[in-house]
Amino acid sequence: MTAESQSPLVNITERVEEMARRFSTKRAVACPAGRDSRGNTIYRELTFAELADEINRYSRGLSEVGITKGMRTILMVRPGLEFFILTFALFKVGATVVLIDPGMGRKQLIKSLGEVEAEAFIGIPPAHVARILFSKAFRTVKIKITVGRKWFWGGYTLGQIRSGEAKSFPTARTKSTDLAAIIFTSGSTGPAKGVVYEHGIFDAQVRYLESQYGYSPKEIDLPTFPLFALFDAALGMTAIIPDMDPTKPAEVDPERIISAIRGNRVSHMFGSPALLNRVSRYAEKHDISFPSLKRVMTAGAPVPHAVLKRMRSLLPEEADIYTPYGATESLPVASIESREILGETSALTAIGRGICVGKPLDGMCVRIIAISDEPINTWSDSLCLPQGEIGEICVKGPVVTKEYFRKKAATELAKIADSDGIWHRMGDVGCLDEKGRLWFCGRKAHRVVTEKETMFTIPCEAIFNQHPAVYRSALVGIGAAGKQKPVLCVELEKGQTEKPAAELLKIARGNSLTKNIETILYHPSFPVDVRHNAKIFREKLAVWAAEKIA
């Protein structure tokens, strides 16, 4: 009997059904549905019992039109109740949900979806228009479902899918190793890749949220990243979907976020560093606090010390702010709370140590190996570097994905086989300290290799980010690896007109990590990722910098 055949049966929708039995009348999810005459947000709501009924109704409808276990199904629906219900319904029938980051750009999006060769497509009208315009990429699609008004392309409407009864529908017998979803990376440091998620990985993530952070059914959550809202239903938490454009967290209206927190007595929220920066600045200026919040999570990019300190001042004394570390391919890996950062590690970050992302979670193994851009077929402990030495971060554990969908070369570059699992090469560089904590020093692809040294982005940038005129900085390399010229790109604080070039160059000369930086360029607004508006696209900055100094 193979290990796969012995794999336990796992499906996250079973957790939702359990919560419906335990908390039938409790709000499960509330989504914005307009505003009243005073400008207050009006919500569409579902209780846990209603959510379970809708999942059953949609599951039956999807099954009746031919969406079955293992069928790859593209889901392109705006955040809201339909997204929530459809995702769980697809899990329930055992289909493989294909989710994509809309911020990757049209060309890469179409290419990525074409590679999936999906058999079913569920989307809003504009998504179907794109499907028709680029029909070659979607030639394998047989089942089409429109969320909204169906125009000329045939298929089914969501109303037709939902028209059946809400009676119980059997959950597909999916094993922990069965394919649950294909979630595409943003493509920030190369071509977008479809990360293969098994049902067991979702289950492990839910368990970490319970055991590591204490998530419980008593909570009310404000998930500003839509995908994270799905975990709430599995944990018995109420999800208040914020009134915002999830692709522009840095431009969020802080009043709407604050109103949602205070009006719903939100106890937990997730927000990218860019969103927390905007909301906390506004709250501080208007003397607003958040007495109901007991936990804040922020991830997606390094969190500035000033943002953590400001946010901390707005919360109750006993509240926690966590900055978990991970990636689409493995999340979460490690975690640290703001008190440890503000009280200890931020001082080391300021002198170029890197950013401490905390100790690995129970069951997660983290090792540092020598930096290489080549595949490593088999794991050996001889690959590991001594404590404190910067190298490539590798992780192994229950949330580590095994492969990229139909990307053999990419899988070989990112995965290392071991006798008891798979190691994932995070694509990041860092080191482990004497306390077993992980320090993040930047992306491997962003390292600058000169004739004299290898420079890492995060340690170098931290030296300059302390200047009061600097909002953020980005180290890039111009030229071929091994002979690169280090260039510091600087985005100034809003309203700052004077360029402190002489001061920044003096800072550079005064530190051994930055002494070889002789060129500083000022950029009006760094290009960043759509998902969190915080991850700097250094590749684009490098092209811009090369043109500026040519």
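Strand β19 (residues 391-396) is largely enclosed by the rest of the structure, because six of its six residues are buried, where buried means under 20% relative accessible area, exposed over 50% and partly exposed in between (1.4 Å probe, protein chains only). Helices (H or I, at least four residues) and strands (E, at least two) are DSSP runs, numbered from the N terminus. This is a predicted model, in which local features need pLDDT of at least 70 and side-chain atom pairs count only at pLDDT 80 or more, while totals for chains, interfaces and linings use all residues. Residues are numbered from 1 along each chain as its sequence is written, and side-chain values use heavy atoms, with hydrogens and water left out.

Back to β19: five bridges tie strand β18 (residues 365-369) to β19 in an antiparallel arrangement, with I368 opposite I393 in β19. Strand β21 (residues 421-432) also runs antiparallel to β19, joined by four bridges, and here V395 faces H424 in β21. Two strands count as paired if DSSP finds at least two bridges between them.

Then there are the open sheets. One has seven strands with mixed pairing, in the order β7-β6-β5-β3-β4-β8-β9. Its edges are β7 (156-157) and β9 (194-198), each of which pairs on one side only. Within this sheet, β5 (residues 120-123) and β6 (residues 143-146) run parallel and share four bridges; A120 sits opposite I143 in β6. Helix α4 (residues 106-116) lies across β3 (72-76), β4 (96-99) and β8 (179-184), at about 155° to β3. For such angles, axes are lines fitted to C-alpha atoms, for helices over the stretch in contact, and the values run from 0 to 180 degrees between N-to-C directions; contact means heavy atoms within 4.5 Å.

Another seven-stranded open sheet, again mixed, goes β2-β1-β11-β10-β12-β13-β14. Here the edge strands, pairing on one side only, are β2 (41-47) and β14 (320-322). From one strand to the next, the twist averages 20°. Strands β12 (residues 268-270) and β13 (residues 295-297) pair in the parallel sense through three bridges, and F270 stands across from M297 in β13. Helix α9 (residues 254-263) lies over β1 (27-35), β2, β10 (220-223) and β12, running at about 165° to β10.

Helix α5 (residues 125-133) is home to I132 and also to R131. With a relative accessible area of 31%, I132 is partly exposed. Together with W151 and F152, I132 makes up a nonpolar surface patch with about 350 Å² of accessible area. Patches are built from residues with over 30% relative accessible area and no salt bridge, joining like charges within 9 Å and nonpolar side chains (Val, Leu, Ile, Met, Phe, Trp, Tyr) within 5 Å. A salt bridge is a side-chain nitrogen of Lys or Arg within 4 Å of a carboxyl oxygen of Asp or Glu.

R131, by contrast, counts as buried at 8% relative accessibility. Setting aside residues up to four places away in sequence, R131 touches F121, F138, K144 and W153. R131 and G114 lie 17 residues apart in sequence, with a C-alpha to C-alpha distance of 9.9 Å.

Finally, S59 belongs to helix α2 (residues 48-64) and is buried, at 0% relative accessibility. Neighbours within four places in sequence aside, S59 contacts A89, K92, V93 and F169.

Definitions and conventions. Areas by Shrake-Rupley, 256 points an atom, 1.4 Å probe, with all protein chains shown as cover.
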